[in-house]
Amino acid sequence: MALSLRISSSPLICRATLANGDNGRNHHAKDAAFIRRTVDLAEMSAGLTSPHPNFGCVIATSSGKVAGEGYLYAQGTKPAEALAVEAAGEFCRGSTAYLNMEPGDCHGDHAAVSALVQAGIERVVVGIRHPLQHLRGSAIRELKSQGIEVNVLGEDFESKVLEDARKSCLLVNAPLIHRACSRVPFSVLKYAMTLDGKIAASSGHAAWISSKLSRTRVFELRGRSDAVIVGGNTVRQDDPRLTARHGQGHTPTRIVMTQSLDLPEKAHLWDVSEVPTIIVTQRGARKSFQKFLASKGVEVVEFDMLNPREVMEYFHLRGYLSILWECGGTLAASAISSSVIHKVVAFVAPKIIGGRNAPSPVGELGMVEMTQALNLMDVCYEQVGPDMLVTGFLQPIPDLIPVIPSEDATVEIDPSVNPFESSIIFFYKTWDLYGSFSNFSPHPIRMPCGEENDDYMTWPSVEHYYQANKFVGVENPMAHDCVEKIRTARSPEEAALIGRSTLRQKPELVRSDWEDVKIEVMYMALKCKFSTYPHLKSMLLSTAGSVLVESSPHDLFWGGGREGEGLNYLGRLLMQLRSEYLDDSSVSAENTSSA
Ligand SMILES: NC(=O)C1=CN([C@@H]2O[C@H](COP(=O)(O)OP(=O)(O)OC[C@H]3O[C@@H](n4cnc5c(N)ncnc54)[C@H](OP(=O)(O)O)[C@@H]3O)[C@@H](O)[C@H]2O)C=CC1
Ligand SMILES: Nc1c(N[C@@H]2O[C@H](COP(=O)(O)O)[C@@H](O)[C@H]2O)[nH]c(=O)[nH]c1=O
């Protein structure tokens, strides 16, 4: 998958005509077809960066021709709607914009809505409302208030063809929808088995059951996941790498679940130069081995109760949206029993290995009669080379309509609901309610680079600026290159990846005073951000009286930690800034009254 894939920006009407004429008979079919196209577009960004919602937009003229298309590349980059508007150019006026999902203008810039309004779009068709409650309905209201006709599939009109299109919108953002409705990430159990149902020979040897083509599909699946998880026994037997070797794009974190921590000293997973590995284990397990892993840069997280549900709830808190389980049958059975698996992806190879003790994909579930078997839903079959790929859902994608009331409905249920009133305010991921407080929020700042020429430059986010500063002022051309690479990274996640991995791999490029200055660097960047954007400053001031906590469960310096054990420096800096702003405003009020 090419990292730079973007939809054409030519303002020519060029692509498929999906329906001829706009009469009532084929109206629904046309809407459904265009919505399905937005889903295909949204699909294109899955796996490029992660985690982020998948958005696609198609602009179609009244004669049913596609005038422009776009999809969101990464969180904080130009919205799909703005890209489609650019591509459609003058053809936007009077056209219909199709969106797989309501835009989430969560940073107050309304970029997606503004693009559609300013382009003169007449009608907007939305596949599903935004799944996150604090964003749900606001873009739709905003579009309507600007005189644009807005239709939401399944709300304004219903038909089988529209229902199928709406379902595809749910599927393309299944991980985000799960985030909105449950406390665990969207989990996919994937395995390769022989025709006689074995995932390895009785010796434990398993390389390979499925074909090369199937395994390439697995790399793609990994690229679309925030993490891949295996059990301790798979590490001992296979020494896996669990990387997404499908070219450029996102690579998932590797997670190993082990009770005993009885793992080999040499393993591919302990090489974290490219991708991090996290071990989740029982509290107190093999402390000396924990130290050894820490020396390799492997993170170890201890649990009082190590089970799939606790582990998934933990990674949900940590912001993971989707997990690929590539474990053996022992852990797979435990995960299914804990109801954390949502989807199954099985590659069936036309091979027979036999063996009474050869393992199978799912271990003991305690079922004794066929009537107890779990039936998959929405099953699909596809031939991949010589293998058969069978996919299906163990749990349906939650239908948001009854699960999450719209903002209006929430206020109707409890008129006192006011998200700005709370004594502790947690923030972390940019799409959460106070996500704009995060370093990763897409608010560009103008700051001097700190290099020899002190010119002001634009940094796409505080995170870009912070990461680049690790390498500023170092007399080494590679450090200069690194600063520029970070400054031009296409998302805060990419900037963080470059900054963190360079720090790990080439510590000689890091400025010698970094530990002494990093808090000041962050403070200056935050000050610039909140002074540049008045709506962010107002939001910060509106939290007066509340404690601000960056709820990162793993960053114990900037974040609050899992159980409040973190130093919460990001929260502290924001509170410091808030009190400075409050002091300033009381001084100016005094001056006004004494004048
Ligand atoms: N064909 C395929 O798709 C695949 C094949 N395999 C093959 O499967 C075999 C390994 O299967 P299997 O032993 O089932 O491996 P698993 O990956 O399921 O590992 C099991 C281990 O997971 C750890 N674990 C931690 N918490 C739990 C829990 N709550 N429940 C269950 N396990 C937990 C334990 O590790 P610990 O003992 O360290 O405490 C346990 O021994 C190998 O031969 C491998 O090659 C594996 C993956 C995929
Ligand atoms: N044997 C087997 C699979 N096994 C899975 O892949 C892991 C190895 O990944 P890597 O080291 O990155 O190549 C292994 O530990 C297990 O989880 N997968 C498949 O698609 N087909 C196969 O035949």
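## Exercises on two ligand shells and a helix

Strand S6 (186-194), helix H7 (212-223) and helix H8 (232-238) each contribute at least two residues to the shell around ligand 2; helices (H or I, at least four residues) and strands (E, at least two) are DSSP runs numbered from the N terminus. The model is predicted, so that local features need pLDDT of at least 70 and side-chain atom pairs count only at pLDDT 80 or more, while totals for chains, interfaces and linings use all residues. Residues are numbered from 1 along each chain as its sequence is written, chains are lettered from A and ligands numbered from 1 in the order in which they are written, and side-chain values use heavy atoms, with hydrogens and water left out.

**Exercise 1.** Describe the surroundings of ligand 2.

*Solution.*
1. Of the 17 residues around ligand 2 (a heavy atom within 4 Å), Ile209, Ser210, Arg241, Arg245 and Glu326 come nearest.
2. H7 gives the most to this shell, with three residues.
3. By class, the shell has seven nonpolar, three polar and seven charged residues.
4. Polar contacts (N or O pairs within 3.5 Å) involve the backbone: a polar backbone atom of Ala206 lies 2.8 Å from a nitrogen atom of ligand 2, and a backbone N or O atom of Leu242 lies 2.8 Å from an oxygen atom of ligand 2.
5. On its own, ligand 2 has 520 Å² of accessible area (Shrake-Rupley method, 1.4 Å probe), of which the protein covers 91%.

**Exercise 2.** Describe the surroundings of ligand 1.

*Solution.*
1. There are 27 residues around ligand 1, and Asn233, Thr234, Asp238, Thr258 and Thr330 come nearest.
2. A polar side-chain atom of Asn233 is 2.6 Å from an oxygen atom of ligand 1. For Thr258, a side-chain N or O atom lies 2.7 Å from an oxygen atom of the ligand.
3. Taken alone, ligand 1 exposes 920 Å², and the protein buries 88% of that.
4. Two or more residues of the shell come from each of S6, H8, strand S8 (253-258) and helix H11 (329-337). H8 gives the most, with six residues.
5. The shell divides into eleven nonpolar, 13 polar and three charged residues.

**Exercise 3.** Compare the expected and actual span of helix H17 (residues 514-532).

*Solution.*
1. The expected span is 1.5 Å times one less than the number of residues.
2. For the 19 residues of H17 this should give 27 Å; the end C-alpha atoms are 26 Å apart, which agrees.
3. Buried residues (under 20% relative accessible area) of H17 include Trp514, Val517 and Phe530.

Notes. Polar contact = N/O pair within 3.5 Å; in protein donor to acceptor, adjacent residues only side chain to side chain. Nonpolar A, V, L, I, M, F, W, Y, C, P; charged D, E, K, R; others polar. Buried < 20%, exposed > 50% of the residue type's maximum accessible area, 1.4 Å probe, protein only.
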